[in-house]
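Student: I have a structure open and would like to go through it. Can we start with the general picture and then look at single residues?

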Amino acid sequence: MSDSNHDGKLRAHAAAQAGRIRKAERERRTLLASTIYLGTLGVMFILPVIVGAYAGNWLDNRLRGYSFSWTITLILLGVFVGATNVYLFIRGK
């Protein structure tokens, strides 16, 4: 292989690599975008837990004769739903 042919391939490879680096820098998330993304994940996880806690407390106050704790059950269900929400949201990205 001649030196000029090898030199041309090396230049083309370096130019392609530089183009990929510039593209990655343009598409990089800002701190604000990352913060919003993490905040969204937090809300998606915690909201079903809070709803489960309130609904379970309401059911426990409504049905006092039962030995079954709706609050704990619905909190655990909220954790499962929240974790599933976060998983599906991240997987979809």
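**Walking through the model**

Tutor: Buried residues make up 13% of the 93 residues in the protein chain. Keep in mind that this is a predicted model.

Student: What helices and strands are there?

Tutor: The protein chain has 3 helices and 0 strands. Along the sequence the pattern reads α-α-α.

Student: What is the radius of gyration, and what would a compact globule have?

Tutor: The protein chain has a radius of gyration of 26 Å, whereas a compact globule of 93 residues would have one near 12 Å. The C-alpha trace spans about 90 × 30 × 15 Å along its principal axes.

Student: How much surface does the chain expose?

Tutor: About 7600 Å² is exposed, and carbon and sulfur atoms supply 66% of that area.

Student: And the charges, how many of each?

Tutor: There are 12 positive and 5 negative charges in the protein chain. Their mean positions are 10 Å apart.

Student: On to helix 3. Why does its end-to-end distance agree with its number of residues?

Tutor: Helix 3 covers residues 70–92, which is 23 residues. At 1.5 Å a residue it should span 33 Å, and its end C-alpha atoms are 32 Å apart, so the two agree.

Student: Which of its residues are buried?

Tutor: The buried residues of helix 3 are T71, L74, G78, G82 and V86. Helix 2, residues 31–62, is included in what covers them.

Student: Change of topic: where is R29?

Tutor: R29 sits in the loop between helix 1, residues 3–27, and helix 2.

Student: Is it buried, exposed or partly exposed, and why?

Tutor: R29 counts as partly exposed because its relative accessible area is 47%, and that class lies between the cut-offs of 20% and 50%.

Student: What does R29 touch?

Tutor: Leaving aside neighbours within four places in sequence, R29 is in contact with S34 and Y37.

Student: How far is R29 from A83?

Tutor: R29 and A83 are 54 residues apart in sequence, and their C-alpha atoms are 24 Å apart in space.

Student: Last one, G19. Where is it, and how accessible?

Tutor: G19 is in helix 1. Its relative accessibility is 28%, so G19 counts as partly exposed.

Student: And how far is G19 from G82, one of those buried residues in helix 3?

Tutor: G19 and G82 are 63 residues apart in sequence and 40 Å apart in space, C-alpha to C-alpha.

Student: Do contacts join distant parts of the sequence, and how many of them?

Tutor: Among contacts between residues at least 6 apart in sequence, 53% join residues at least 24 apart.

Note on methods:
Residues numbered from 1 in each chain as written. Predicted model: local features only at pLDDT ≥ 70, side-chain atom pairs only at ≥ 80, totals over all residues. Heavy atoms only, no water. Helix = DSSP H or I, 4+ residues; strand = E, 2+ residues; numbered from the N terminus. Rg over C-alpha atoms; globule rule 2.2 N^0.38 Å. Buried < 20%, exposed > 50% of the residue type's maximum accessible area, 1.4 Å probe, protein only. Contact = heavy atoms within 4.5 Å. Areas by Shrake-Rupley, 256 points an atom, 1.4 Å probe, with all protein chains shown as cover. Lys, Arg positive; Asp, Glu negative; His and termini not counted. Charge placed at Lys NZ, Arg CZ, Asp CG, Glu CD. Expected span 1.5 Å × (residues − 1).
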